[in-house]
Amino acid sequence: MALPKILCLSPLEPAAEVVEQLSLMGWDVLQASDQAGVSRRIQAHQPMQVGVLLLKDFAPEQLAWVEACLRLSNGLEWVGLFHAPALDSPLLREWVLSYFFDYHTLPVDWREFHLTLGHALRRAQLRGRDDIYLQATGKMGMVGHSAAIAKLQQQIRKVASTEASVLIGGESGSGKELAARAIHQCSRRAVGPFVAVNCGAIAPSLIHSELFGHERGSFTGATSSKPGLIEAASGGTIFLDEIADLPLELQTNLLRFLQEHTIHRVGSAHSLQINVRVVAASHVDLMEAVAAGRFREDLFYRLNVLPIEVPPLRDRMSDVPVLAQHFLQHCMTDKHQRRVEGFSRQALSAMMSHCWPGNVRELSNRVQRAMVMSDQRLITPADLGLNMARSAAGVGLDAVRTMAERDAIAMTLGRVDRNITHAARELGISRMTLYRLMDKHGLAQGAG
Ligand SMILES: Nc1ncnc2c1ncn2[C@@H]1O[C@H](COP(=O)(O)OP(=O)(O)OP(=O)(O)O)[C@@H](O)[C@H]1O
Ligand SMILES: [Mg+2]
């Protein structure tokens, strides 16, 4: 039988003794001393269920990347081996509570340590964590039950299993960055960094060196060499948001990087080989930008190998109630806002009637605003900054009835995860009637 694999991460000190002892205990030991190493080991050696972090000294500023490893390698049960004074650091204690199965202090009682590792392994097996990728593909941090979200998640799973570039389209606030993160989390690169860059937010004079890095003295003010964001994403994914804002000159550099996987830091004659997956997004139509000569056609085709479109919220209205509830719960962690318990029927109705030009971000903002504004138990349309315009604007009673019927069905379907039997029971109608009404209101495919 194959020996169980254990990852030994020792960022600051040699780990020869620990490695030797672990081998004697019957583990197949894989060592890493930096983030790229952790990433490589986890990608190449599955299943790996237990990790040991060896830390004699704790220097938080040197070890920010260790937290990224702990967070991203969430398929592992981590056991710490610490020099007792290192635990004086509040940050290390926080890590232990957040990410660790257990810890021991040095000098180690190897027999005890062996028992702990055995428990950690059994716990990892019990949780069925041996496929961390499968686990990550579960929910992707996306709230919603609509057919449109299910289709998006399916596309994300597909593209995540490849290495090709992805171009994400979709309106502002629809969830493009969330989709990019999900692609990273579901991919073999999940243990590596995810670096998000908003190309429109960096000054044109700085963007070259921000993305590609620079050498000391390469321009006034460059007092030291600095790696760029592409290098920082090494082993992981770089998310280039608002790619249409990238100046043409840099589009050329990016194209070269996509073709050759090498970059030149500003002021350097040497090229560096970099292993990074590119996911880009744009809320403007890139084909139009190509036609207008603002975006390189060859770069467009290079990025657009796997296109993904995040649907606007108005095309998945059945997700509105669950999303609203999700944001409400999120805000409720703030102790000042405990008095609010939920949404009034009118508030839900107003949300179902709104067309959400700002998409999910607008919904999140309105719920946050309502939590602050509301002085009652239930949030009202006014708290959300929405009015019942459609019914107030002289719409006939029939139309109001139809809207109310549609809203009630869409909300119920959302609440019961589109289980027809449960929805029909809640609405007090037969399943056949529900099917008929879903058809009438265009709710049959899950798009609200
Ligand atoms: N399905 C979802 N479930 C939960 N939260 C979501 C969902 N979709 C989007 N959000 C949240 O809505 C906000 C906006 O999403 P995101 O930043 O991904 O949108 P975007 O398309 O990148 O927006 P922009 O075009 O303005 O950059 C974020 O806070 C995100 O977490
Ligand atoms: Mg964005």
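Helices here are DSSP runs of H or I that hold at least four residues, numbered from the N terminus, and a residue belongs to the shell around a ligand if one of its heavy atoms lies within 4 Å of that ligand. The model on your screen is a predicted one, and the tour below moves from the whole protein to the ligand and then to several loops.

**The whole protein**

Begin with the protein shown as a C-alpha trace, which spans about 80 × 60 × 45 Å along its principal axes. If you switch to a cartoon, the secondary structure comes to 20 helices and 14 strands. Of the 448 residues in the protein, 48% are buried, and when you turn on the surface, its accessible area comes to about 21900 Å², with 52% of that belonging to carbon and sulfur atoms. Among the contacts between residues at least 6 apart in sequence, 71% join residues at least 24 apart.

**Ligand 1 and its shell**

Next, select ligand 1, which sits in the largest pocket. Showing its surroundings brings up 16 residues, and the closest of them are Val143, Ser172, Gly173, Lys176 and Arg361.

Which helix gives the most to this shell? Select α8 (176-186), and you have the helix that gives the most, with three residues. The helices α8, α14 (320-332) and α16 each supply at least two residues of the shell, so it is worth colouring these three before going on, since helices are numbered from the N terminus and can be picked out in that order.

Now look at the polar atoms of the ligand and the backbone beside them. A nitrogen atom of ligand 1 is 2.9 Å from a polar backbone atom of valine 143, while an oxygen atom of ligand 1 lies 2.9 Å from a backbone N or O atom of glycine 173. At glycine 175, a polar backbone atom is 3.1 Å from an oxygen atom of the ligand. On its own, ligand 1 has 630 Å² of accessible area, and the protein covers 82% of this.

**Serine 174**

From the ligand, select serine 174, which has its place in the loop between β6 (166-169) and α8 (176-186). Is this residue buried or exposed? Serine 174 has a relative accessible area of 4% and therefore counts as buried, the cut-off for buried being under 20%. Leaving aside neighbours within four places in sequence, serine 174 is in contact with Val310, Pro311, Arg316, Asn359 and Val360, and these five can be shown as sticks to see what surrounds the serine.

**Two residues with positive phi**

Move on to tryptophan 356, found in the loop between α15 (345-353) and α16 (359-373). Although tryptophan 356 is not a glycine, its phi is positive, at about 50 degrees, and because its relative accessibility is 0%, this residue counts as buried.

Then select histidine 261, in the loop between α11 (248-260) and β9 (262-264). Phi of histidine 261 is near 60 degrees, again a positive value in a residue other than glycine. With a relative accessibility of 38%, histidine 261 counts as partly exposed.

**A cis peptide bond**

For the last stop, where should you look for proline 107? The loop between β5 (100-105) and α5 (110-126) holds proline 107, and the peptide bond that leads to this proline from leucine 106 is cis, with omega near -5 degrees.

Technical notes:
Residues are numbered from 1 along each chain as its sequence is written. Chains are lettered from A and ligands numbered from 1 in the order in which they are written. This is a predicted model: local features need pLDDT of at least 70, side-chain atom pairs count only at pLDDT 80 or more; totals for chains, interfaces and linings use all residues. Side-chain values use heavy atoms; hydrogens and water are left out. Buried means under 20% relative accessible area, exposed over 50%, partly exposed in between (1.4 Å probe, protein chains only). Contact means heavy atoms within 4.5 Å. A polar contact is a pair of N or O atoms within 3.5 Å; within protein, one must be able to donate a hydrogen and the other to accept it, and residues adjacent in sequence count only if both atoms are side-chain atoms. Accessible areas come from the Shrake-Rupley method with a 1.4 Å probe; for residues, only the protein chains shown count as cover. On a 1 Å grid over the protein atoms alone, a cavity is a set of points where a 1.4 Å probe fits but cannot get out, and a pocket is an open set with protein on both sides within 12 Å along at least five of seven lines; lining residues have an atom within 4 Å of a point. A molecule sits in a cavity or pocket if more than half of its atoms lie within 2 Å of its grid points.
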